[in-house]
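Biologist: Please take one strand of this predicted model and walk me through it closely. Where does it sit, and what lies beside it?

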Amino acid sequence: MATFALAMPVNLEDKFAFDAAHHGHEIVLRAVSAPELASRAAGAQANIALVASEARYLTDRLIAACDHAGVRLIAVVSTEREQRYASDLGLYDIVEATAGWPAVDALLAHAQRSSGPDSSERGARGQIIAVWGPGGAPGRTSVAIAIAAELAALGHSVALADVDTHGASIAPALGMLDEAPGFAAACRLAGTDTLTAVELARIGQRYESPVGGFWVLTGIGRPSRWPELSAERVGTTIAQCRHWVDYTVLDTSSSLENDEEITSDLFAPRRNAAAVTAVCAADHVIAVGSADPVGMSRFLRAHVDLLDTTTTRNVSVVMNKVRASASGMNPHGQIAQTLSRFGGIEHPILIPHDLPGFDGAVLRGKTLVDAAPRSPARLAVRQLVTSRLAPETDDQPPRRSLFSRMLVRG
Ligand SMILES: Nc1ncnc2c1ncn2[C@@H]1O[C@H](COP(=O)(O)OP(=O)(O)OP(=O)(O)O)[C@@H](O)[C@H]1O
Ligand SMILES: [Mg+2]
């Protein structure tokens, strides 16, 4: 038996209250508005709130209050407009009013089934790769997308998650809708202990590619929604991703500052919690810097913070946008020498400046693998993936093209 709170017009409320009782559930609260439900949600001991998808009954604040109280929120929609309203607020748990109680039961049964033993059959074997880098747009998102695409092209199951609480951008880069941010939705389910691999597949959007598609959990288009990505929820979501796919690639924001050092409120939400949690949970961190004097100096300073924050020893340094015009003659030698001398960093991976490749990909909403498969940047990312992230085993002999062999030597 579940306990329900209702907030909806009287005619709907009577119908749902009757059906809930008929199915052996208890209604513990009938609220007349979102603010009333928000203020009483915690004390009412409800597991689930059923609310009409109208501004009077469903608001951002109510979602935050239910998240906080661990109450699962289900929107009841009567029209297409109401459906859009709930989706715009990032809700995935939606039932049609005309479908009545069977739809609510089906949704709850789905969650129960997916939290059963089957969903963990795969075991928590998936690897987590966090792509991090300092401010100044060194190319974190571009590299994260390119890595996900390469892993998928190698035949692995892959999810790409936008964890950037300052400027999410995976959805526009891949030409996807981001009205209902998938990562925030996953975090919401994590907050009510109902996130499973099956739910992740329901929430995720699919990037389709002839050489290997992957799942995408889009980020929060409105940066003001960052409190939804708390450390605990992000941690639980990442942990569930290990059950879901072989590799989860996380695109993080740059700042790893601990907000508690700049606020006295220990319980306040922390904007950098998502990035900090991602680099702490990762099995492998890809640290991306921009290969020019300013970018490298920023990188070297921030890299120290990264090493203080992350727990993994697998940190690969990637210098992106490598070009002689910004680093001088012999850019490879110059960059390697600077990183070694000032940061003790050896064997960086270098990705060439490749404007036609990346611009062409973003313009078409595609990955480098699909839009510019022979571009120099794509070959460098493939080299990074096969050498550091998913080395080919003996039973899968490497199939390198002449192009990539030249790149490895050069
Ligand atoms: N190797 C490259 N060569 C040329 N352009 C590149 C390269 N890598 C990335 N870019 C371009 O640099 C710009 C910034 O890249 P991206 O958005 O990936 O950076 P970011 O670090 O994620 O920035 P943000 O701080 O906005 O999250 C984009 O226009 C992208 O196409
Ligand atoms: Mg980015």
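Modeller: Start with a pair of residues. Ile-128 stands opposite Thr-248, a residue of strand E10. Ile-128 belongs to strand E6, residues 127–132. E6 and E10 run parallel, and 5 bridges join them.

Now take another neighbour. Strand E7 covers residues 158–162. E7 also runs parallel to E10, again with 5 bridges. Here Ala-161 has Leu-250 of E10 as its bridge partner.

So what about E10 itself: is it buried or exposed? E10 spans residues 247–251, and 5 of its 5 residues are buried, so the rest of the structure largely encloses this strand. "Buried" here means under 20% relative accessible area.

Look at the two faces next. In a regular strand, side chains alternate between the two faces of the sheet. In E10, Tyr-247, Val-249 and Asp-251 lie on one side. Thr-248 and Leu-250 lie on the other. Both faces are covered, since each of these residues is buried.

Compare a helix. H1 runs from residue 10 to residue 22. At 1.5 Å a residue, its 13 residues should span 18 Å; the end C-alpha atoms are 18 Å apart, so the two agree. The buried residues of H1 are Leu-12, Glu-13, Phe-16, Ala-17, Asp-19 and Ala-20. An α-helix has 3.6 residues a turn, so residues three or four places apart point the same way. Just after H1, Gly-24 takes a positive phi of about 85°.

How values were computed. Residues are numbered from 1 along each chain as its sequence is written. Chains are lettered from A and ligands numbered from 1 in the order in which they are written. This is a predicted model: local features need pLDDT of at least 70, side-chain atom pairs count only at pLDDT 80 or more; totals for chains, interfaces and linings use all residues. Side-chain values use heavy atoms; hydrogens and water are left out. Helices (H or I, at least four residues) and strands (E, at least two) are DSSP runs, numbered from the N terminus. The expected span of a helix is 1.5 Å times one less than its number of residues. Buried means under 20% relative accessible area, exposed over 50%, partly exposed in between (1.4 Å probe, protein chains only). Two strands pair if DSSP finds at least two bridges between them.
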